[in-house]
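Open the model in your viewer and keep the selection box handy. We will go from one selection to the next, with a few words on what there is to look at each time.

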Amino acid sequence: MLVALAGGVGAARLLAGMVRVVDPTEITVVVNTGDDMSLHGLHVSPDIDTVVYTLAGLSNPETGWGLDGERWTVMDELERLGGETWFRLGDRDLATHLYRTQRLAQGAPLSQVTAELASARGLALRVLPVTDDPLRTRLTLAETAPGFAAGSEVDFQDYFVRLHHSVAVAGVRFEGASTARPAPGVLEAIGGADVIVACPSNPVVSLGPVLAVPGVRDLLEARRDRVVAVSPIVAGAALKGPADRLLVELGHEASAAGVARLHAPWAGTIVIDEQDAALAPAIDAAGVRAVVAPTVMRSPEAAADLSRVVLDAAG
Ligand code: FO1
């Protein structure tokens with residue numbers, strides 16, 4: 001049984017390869033919910049939807065989020081009304097948020113709703129939110145940004161989308177983490193997994209919230225020899241998103257070695273790209289086994305090859 005700890009686009013890409021190598025019914029994905037937001041009265045869970053859409057073959061290949069072949073008639077009309085359209089919700093994507101919001105209002109936990117949505121999209125693997133409780137990533141800005149003063153705290157999507165994550169960050173916290181409980185099945189899956197994969201997600205704002213849910217980090221540390229991380233940083237840069245800048249802004253090193261050191265307490269192995277092969281000795285010296293392989297996934301086949309590397313690394 002394999003468990004994947006996942007954020008958004010990078011994780012979804014790896015998982016699209018993983019399901020070609022591992023029986024999907026043997027895979028449980030534990031997904032970050034710190035990016036979730038309430039917008040237009042709807043509960044939006046971007047990282048869950050990115051994983052589900054990508055694995056269902058429905059996602060927009062350019063953006064990595066939302067549905068492919070999307071129409072925007074609702075957003076266009078909302079624009080005409082003067083409504084909020086900075087966060088783009090496509091016509092079909094809206095159905096997901098309408099369904100999720102309605103089911104949550106009926107009292108169904110997020111994990112149940114997520115299972116229904118994954119099943120409706122034909123997925124055989126299990127997709128679990130890390131928690132059913134409120135968990136929201138908040139970032140403190142290190143400088144002024146349009147509409148926000150230096151030192152102000154913003155929601156994740158304000159930082160990521162409204163501000164295009166082009167603002168320095170002084171701090172990150174995960175509101176609700178201290179009282180959040182792992183969703184049903186999360187600790188059991190991690191506890192019973194033969195392999196635990198930390199997907200190439202943003203270590204700070206994608207894996208950070210997952211690890212912040214009480215019980216998760218402790219269990220991963222206890223099972224460190226089963227955990228294989230894939231570095232989201234290649235040659236000192238993030239392939240997508242602000243991971244490299246966030247690492248530096250928060251006092252870490254934006255390199256595969258920096259990621260390895262950050263994950264060292266709970267990830268015994270890290271797969272790093274061939275461009276970072278020279279970092280392997282430093283990573284080994286940090287007590288993490290470095291496995292060098294191509295990690296840039298330009299196709300599902302490449303993601304499948306990387307998945308094989310991860311499985312081999314786990315032994
Ligand atoms: N990202 C953007 O940069 N602009 C958007 O308008 C946007 C809309 C959106 C709608 C649904 C969804 O599931 C994701 C969406 N994203 C958008 C991406 C989202 O901000 C990121 O996928 C995650 O929150 C970070 O991984």
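What follows is a walk through a predicted model, starting with its sheets and ending with a few single residues.

**Stop 1: the seven-stranded sheet**

Begin with the open sheet of seven strands, whose order is β5-β2-β1-β9-β10-β13-β14 and whose pairing is parallel. If the word pairing needs a reminder, strands of a sheet pair through backbone hydrogen bonds, either parallel or antiparallel. Select residues 126–129 for β5, which is one edge strand; β14 is the other, and each of them pairs on one side only. Turn the view to follow the twist: direction ignored, neighbouring strands here are turned by 25 degrees against each other on average.

Now select residues 2–6 and 27–31. These are β1 and β2, which pair in the parallel sense over five bridges. To see one bridge in detail, pick Ala6 and its partner in β2, Val31.

**Stop 2: strand β13 and the strands beside it**

Select residues 269–272, which make up β13, and show the side chains. Which way do they point? Thr269 and Val271 point one way from β13, while Ile270 and Ile272 point the other way, and all are buried.

Next, bring in the strands that pair with β13. With β10, the pairing is in the parallel sense over three bridges, and Val228 stands opposite Thr269. With β14, the pairing is also parallel, and four bridges join the strands. Thr269 is a handy residue to centre on here, since its bridge partner in β14 is Arg289.

**Stop 3: helix α1 and what it packs on**

Select residues 9–18 for helix α1. This helix packs on the seven-stranded sheet, where it touches β1, β2, β9 (195–198) and β10 (227–230). The direction of α1 makes about 160 degrees with that of β1.

Add residues 300–314, helix α13. Two packed helices are described by the angle between their axes and the distance between the axes. For α1 and α13, the angle is about 80 degrees and the axes are 7 Å apart. Since angles of 65 to 115 degrees count as roughly perpendicular, α1 is roughly perpendicular to α13.

Show side chains to see who takes part: Arg13, Leu14, Gly17 and Met18 come from α1, and Pro300, Ala303, Ala304, Leu306 and Ser307 come from α13. Sorted by class, this contact has six nonpolar, two polar and one charged residues.

**Stop 4: Thr295, just ahead of α13**

Step back along the chain to Thr295, in the loop between β14 (289–292) and α13. Is this residue buried or exposed? Thr295 is buried, with a relative accessible area of 4%. Leaving aside neighbours within four places in sequence, Thr295 is in contact with Val230, Val234, Val271, Ile272, Asp273 and Leu306. You have met some of these already: Val271 and Ile272 sit in β13, and Leu306 is one of the α13 residues that contact α1.

**Stop 5: helix α2**

Select residues 46–55 for helix α2. How many of its residues are buried? Ten of its ten residues are buried; among them are Asp47, Asp49 and Tyr53. After the helix, look for Gly57, whose phi is positive, near 70 degrees.

**Stop 6: two domains and a three-stranded sheet**

Colour residues 136–175 and 179–313 separately to see domain 1 and domain 2. Their C-alpha centres lie 24 Å apart, and the contact takes 14 residues from domain 1 and eleven residues from domain 2.

Then look for the open sheet of three strands, ordered β7-β6-β8 with antiparallel pairing. Its edge strands are β7 (153–155) and β8 (169–175), and the twist averages 30 degrees from one strand to the next. Three bridges join β6 (residues 136–141) to β7; to find one, select Leu139 and its partner in β7, Val154.

**Stop 7: Asp158**

Finish at Asp158, in helix α6 (residues 156–162). Why does Asp158 count as buried? Its relative accessibility is 12%, and the cut-off for buried is under 20%. Apart from neighbours within four places in sequence, Asp158 is in contact with Trp86, Phe148 and Leu163. For a last distance to check, go from Asp158 to Arg88: the two are 70 residues apart in sequence and 13 Å apart in space, C-alpha to C-alpha.

Terms used: Residues numbered from 1 in each chain as written. Heavy atoms only, no water. Axes fitted to C-alpha atoms, helices over the stretch in contact; angles between N-to-C directions. Helix = DSSP H or I, 4+ residues; strand = E, 2+ residues; numbered from the N terminus. Parallel < 35°, antiparallel > 145°, perpendicular 65-115°, else oblique. Contact = heavy atoms within 4.5 Å. Nonpolar A, V, L, I, M, F, W, Y, C, P; charged D, E, K, R; others polar. Buried < 20%, exposed > 50% of the residue type's maximum accessible area, 1.4 Å probe, protein only. Pairing = 2+ DSSP bridges. Domains from an automatic or database assignment.
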